[in-house]
Amino acid sequence: MAGYRGRFAPSPTGPLHAGSLVAALASWLDARAHGGQWLVRIEDVDGPRCPPGTDEVILGQLAALGLLPDEPPVWQSRRDDRYQAALDRLIASGRAYGCACTRAEIAAAAGPRPRHGELVYPGTCRNGTNGRPIRAWRFRAEGRIAWQDRRLGPQSQDLATEVGDFVLKRADGLWAYQLAVVVDDAEQGITDVVRGEDLADNTPRQIALQRALGLPTPRYLHTPLVLAADGHKLSKQNGAAALDLDHPVARLQEAAGRLGLTPQASASTTREVLAAILLQWTALTALR
């Protein structure tokens, strides 16, 4: 695919674990299978949750596995001006508005409608804050978003009823992930987003923002989740162990198996593993 640009975008809240390696490997394989470029973006927009030095740990882990980006990494924490410019455009076009509500007020107004631990915003401040100071900025969600996932097939979501007007800039002054990732993907020319299935629910919000800002929409492929022993998603939040990179070949083999690829028992180096599973991934992507 001419002009393919993919990326792996970890949040440095902790070192890479088995689940994040699967996403990193899939994105690298897809870029290489399409003859494209593979980038790494450090999504540290939520600075208080990112221990100092974790970004460098992640970059070191990727290097130890042979997953080297084609361009220098980008850090979200250094890109405030880009996010502010995008927010200003959305405000000017009427797609973003100031919100004075506290979380307690939203919960009381919305009623018992939890959605993955979040509340659907009831639109209290859509027509103004009645003189109350603005705490956060929200996107005016409208209509149903449909898209085609390369693995999951046809997807759709009604933003207004299933999500509500979502936050672009938080009350604590930090940028929301949804806005930052859309701005970054567009500026870096990302054509294909390959990431874990747990992030598929974010896709319609990002597509809505892309359309509102006049930005291109990448293709999406969401990979299978790696589950912990209790059946829940393996994540840093539930104590997933950092990758043991004393044996990087074994870690790559395990990640390949979780992607439905056949581990190569004869491979003794990361280069050999990557070369073997790249052939398999290339055959798979010829079908999607």
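The exercises below concern strands and one loop residue in a predicted model.

**Exercise 1**

Task: Find which side chains of strand β8 are buried and which are not.

Solution:
- Step 1. Locate the strand: β8 covers residues 144–149.
- Step 2. Follow the side chains along β8; they alternate between two faces.
- Step 3. Ile-145, Trp-147 and Asp-149 point to one face, and these side chains are buried.
- Step 4. Arg-144, Ala-146 and Gln-148 point to the other face and are not buried.

**Exercise 2**

Task: State how β8 pairs with β9, and name the bridge partner of Ile-145.

Solution:
- Step 1. Strand β9 is made of residues 153–158.
- Step 2. Between β8 and β9 there is a hairpin of three residues.
- Step 3. The two strands pair in the antiparallel sense, over six bridges.
- Step 4. Within β9, Gln-157 is the bridge partner of Ile-145.

**Exercise 3**

Task: Describe how β7 pairs with β4 and with β10.

Solution:
- Step 1. With β4 (residues 96–99), β7 forms an antiparallel pairing over four bridges. Here Phe-139 of β7 stands opposite Ala-96.
- Step 2. With β10 (residues 167–169), β7 pairs in the antiparallel sense over two bridges. Lys-169 in β10 is the bridge partner of Trp-137.

**Exercise 4**

Task: Place Asn-130 in the chain, give its phi, and decide whether Asn-130 is buried or exposed.

Solution:
- Step 1. Asn-130 belongs to the loop between β6 (118–119) and β7 (136–139).
- Step 2. Its phi is positive, about 55°, although Asn-130 is not a glycine.
- Step 3. The relative accessible area of Asn-130 is 80%. Exposed means over 50%, so Asn-130 is exposed.

Terms used
Residues are numbered from 1 along each chain as its sequence is written. This is a predicted model: local features need pLDDT of at least 70, side-chain atom pairs count only at pLDDT 80 or more; totals for chains, interfaces and linings use all residues. Side-chain values use heavy atoms; hydrogens and water are left out. Buried means under 20% relative accessible area, exposed over 50%, partly exposed in between (1.4 Å probe, protein chains only). Two strands pair if DSSP finds at least two bridges between them.
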